[in-house]
Amino acid sequence: MKARIMLATALVPLGLILAAVPENTTKPYKLTAEQLLEEVKSGTQFIGPDEVAGMLIAKDPSLQLIDVRSAAEFEKYSLPNAINIPLVDILSPEWESYLNQDIRLNVFYSNGTNDANQAWMITRQLGYNNNYVLQGGLNYWAETILNPEAPPSSAPNEEILKYNLRKGAGMALGGDASVNTAPVASPAGPVPPVQKREAKKRVQGGC
Amino acid sequence: MGPLIVNEIISDNTNLFLAFLIGIGFGFVLESNGFSSSRRLAGMFYGYDTTVLKVFFTAAITGAIGLLFMSLFNWIDLSYIYINPTYLWSTLGGGVVMGAGFIMGGYCPGTSFCAASIGKLDGLAFIGGMIIGVLIFAEGFPLWQGFYEAKFMGAPLLSEMLGASRGFLTLLIILVALGMFWAGEWAEKKFARKDYIKND
């Protein structure tokens with residue numbers, strides 16, 4: 001058999017297969033179980049309530065709070081400027097642009113940390129960046145920011161300073177009242193980039 | 001999992017080392033296909049020897065099929081593959097300069113190294129010419145910068161421009177290539193030379 005015919009019998013069927021199958025558009029990105037465990041152990045996904053409160057007061061436009069509780073709970077009480085993405089809807093395409101982006105700092109919160117952590121784990125496994133979890137959830141938020149417990153007068157200065165900051169933050173963010181009052185006006189201006197991961201280099205090549 | 005280097009599975013240095021090994025393999029295949037013979041290379045333009053067309057087109061098709069199947073099996077993410085950006089005029093201009101040099105001298109840059117490595121002096125002369133050309137291009141860059149950067153098109157894909165899927169385009173190219181191989185062998189008979197013995 002001539003070389004050309006042998007080549008054709010090998011290449012044409014392969015080409016037909018390629019033409020017939022749909023293109024693979026899935027992202028093969030996935031963390032291994034060990035990598036995920038490592039991240040969970042080191043707790044890098046958590047952001048403390050003090051930090052979030054500071055950003056809220058400064059009206060930092062890069063902060064995006066995401067309430068993963070149900071719509072009914074969100075109606076009852078939510079943090080200022082939060083959007084509601086119930087955990088069951090987290091994979092819905094309408095939210096993908098919110099979750100998969102490099103601009104803003106997304107902070108998931110729920111009552112505790114379970115639901116928020118689940119949301120974080122799902123988005124992390126999808127390869128999305130800039131998603132974090134509010135440490136301790138709303139319960140801890142209420143304890144530390146809205147109704148901070150005064151330290152004893154014998155406490156070290158840092159403790160007292162922290163208490164004063166929290167008290168101020170709580171007052172600014174509607175503390176003592178269990179229902180959020182008027183939402184803070186939407187922040188304007190350019191959105192600064194946050195925690196941009198170094199873009200992956202493309203492979204350079206040539207003849 | 002792929003590309004290996006982008007996903008940090010191998011380091012930059014390992015990458016260079018692999019490139020070195022692949023380069024040696026590439027050179028070996030070129031040499032064993034007779035690409036260190038300027039007569040065989042120039043034969044492409046006169047029609048009496050179309051080995052160049054067959055070898056390089058087969059390599060391109062094999063690479064395309066391999067990449068698409070690897071993408072299908074999730075072994076590689078094609079969006080991370082570097083695609084040479086297209087500057088239309090300098091691509092055309094460079095093609096004309098390189099093609100003219102190829103016909104006149106009988107080598108392209110890679111094969112001139114191939115020829116020089118087995119001791120051919122014309123291959124060595126070619127490398128000298130290439131270095132002079134690189135120097136002229138680099139030193140005179142302000143003169144042709146406008147031409148060099150004109151008509152920038154990004155990194156366009158033929159499949160996107162035609163609105164076809166990558167797989168379908170690959171099938172088309174396979175068929176076109178097989179047609180060209182057939183035409184090439186016809187040309188080899190038609191333009192055969194008495195003083196040139198083609199050995200496959």
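This report describes the fold of chain A, its nonpolar cores, two helix environments in chain B and a pair of residues with positive phi. The model is predicted.

**Chain A and the cores**

Chain A contains eight helices and five strands. Read from the N terminus, its elements follow the order α-α-β-α-β-α-β-α-β-α-β-α-α. Of its 207 residues, 23% count as buried. Among contacts in chain A with a separation of 6 or more, 70% join residues 24 or more positions apart.

The largest nonpolar core has 26 residues. Those with the most contacts inside this core are Leu65(A), Ile66(A), Val107(A), Phe108(A), Tyr109(A), Ala116(A) and Leu134(A). Two or more residues each come from helices H3 (49–57), H6 (114–125) and H7 (137–146) and from strands S2 (63–67), S4 (105–109) and S5 (131–134) of chain A. A second, separate core holds nine residues, including Leu11(A), Ile65(B), Leu171(B) and Ile174(B).

Val107(A) shows how part of the 26-residue core is put together. Apart from neighbours within four places in sequence, Val107(A) is in contact with Ile47(A), Val52(A), Leu63(A), Leu65(A), Ile66(A), Tyr132(A) and Leu134(A).

**Helix H9 of chain B**

Helix H9 of chain B covers residues 166–190, 25 residues in total. From its first C-alpha to its last, H9(B) reaches 35 Å, close to the 36 Å expected at 1.5 Å a residue. The buried residues in H9(B) are Arg166(B), Gly167(B), Leu169(B), Thr170(B), Leu171(B), Ile174(B) and Ala177(B). An α-helix has 3.6 residues a turn, so residues three or four places apart point the same way. What lies over the buried residues of H9(B)? The cover includes helix H1 (3–20) of chain A, as well as helices H3 (51–72) and H8 (158–162) of chain B. Two of the buried residues of H9(B), Leu171(B) and Ile174(B), also appear in the second core, which includes Leu11(A).

**Helices H1 and H5 of chain B**

Helix H1 (residues 12–32) and helix H5 (residues 109–117) of chain B have axes that come within 10 Å and cross at roughly 80 degrees. An angle of 65 to 115 degrees counts as roughly perpendicular, and H1(B) and H5(B) are therefore roughly perpendicular to each other. On the H1(B) side the contact is made by Gly27(B), Leu30(B) and Glu31(B), which meet Gly110(B), Thr111(B), Cys114(B) and Ser117(B) in H5(B). By type, these residues divide into two nonpolar, four polar and one charged.

Is Thr111(B), in helix H5 of chain B, buried or exposed? Thr111(B) is buried, because 25 other C-beta atoms lie within 10 Å and 20 or more suffice. Leaving aside neighbours within four places in sequence, Thr111(B) is in contact with Leu30(B), Phe35(B), Ser36(B) and Leu41(B). The C-alpha atoms of Thr111(B) and Ser38(B) are 8.7 Å apart, although the two residues are separated by 73 residues along the chain.

**Positive phi outside glycine**

Asn130(A) has a positive phi and is not a glycine; the same description fits Asn74(B). The table gives their settings.

| Residue | Phi | Loop | C-beta neighbours within 10 Å |
|---|---|---|---|
| Asn130(A) | near 65 degrees | between H6 and S5 of chain A | 21, buried |
| Asn74(B) | about 65 degrees | between H3 and helix H4 (88–105) of chain B | 14, partly exposed |

Notes. Residues are numbered from 1 along each chain as its sequence is written. Chains are lettered from A and ligands numbered from 1 in the order in which they are written. This is a predicted model: local features need pLDDT of at least 70, side-chain atom pairs count only at pLDDT 80 or more; totals for chains, interfaces and linings use all residues. Axes are lines fitted to C-alpha atoms, for helices over the stretch in contact, and angles run from 0 to 180 degrees between N-to-C directions. Helices (H or I, at least four residues) and strands (E, at least two) are DSSP runs, numbered from the N terminus. Angles under 35 degrees count as roughly parallel, over 145 as roughly antiparallel, 65 to 115 as roughly perpendicular and the rest as oblique. Two residues are in contact if their C-beta atoms, placed from the backbone, lie within 7 Å. Ala, Val, Leu, Ile, Met, Phe, Trp, Tyr, Cys and Pro count as nonpolar, Asp, Glu, Lys and Arg as charged, and the others, Gly among them, as polar. A nonpolar core is a set of buried Ala, Val, Leu, Ile, Met, Phe, Trp, Tyr and Cys residues joined through C-beta atoms within 7 Å. A residue is buried if 20 or more other C-beta atoms lie within 10 Å of its own, exposed if 12 or fewer, and partly exposed in between; C-beta atoms are placed from the backbone. The expected span of a helix is 1.5 Å times one less than its number of residues.
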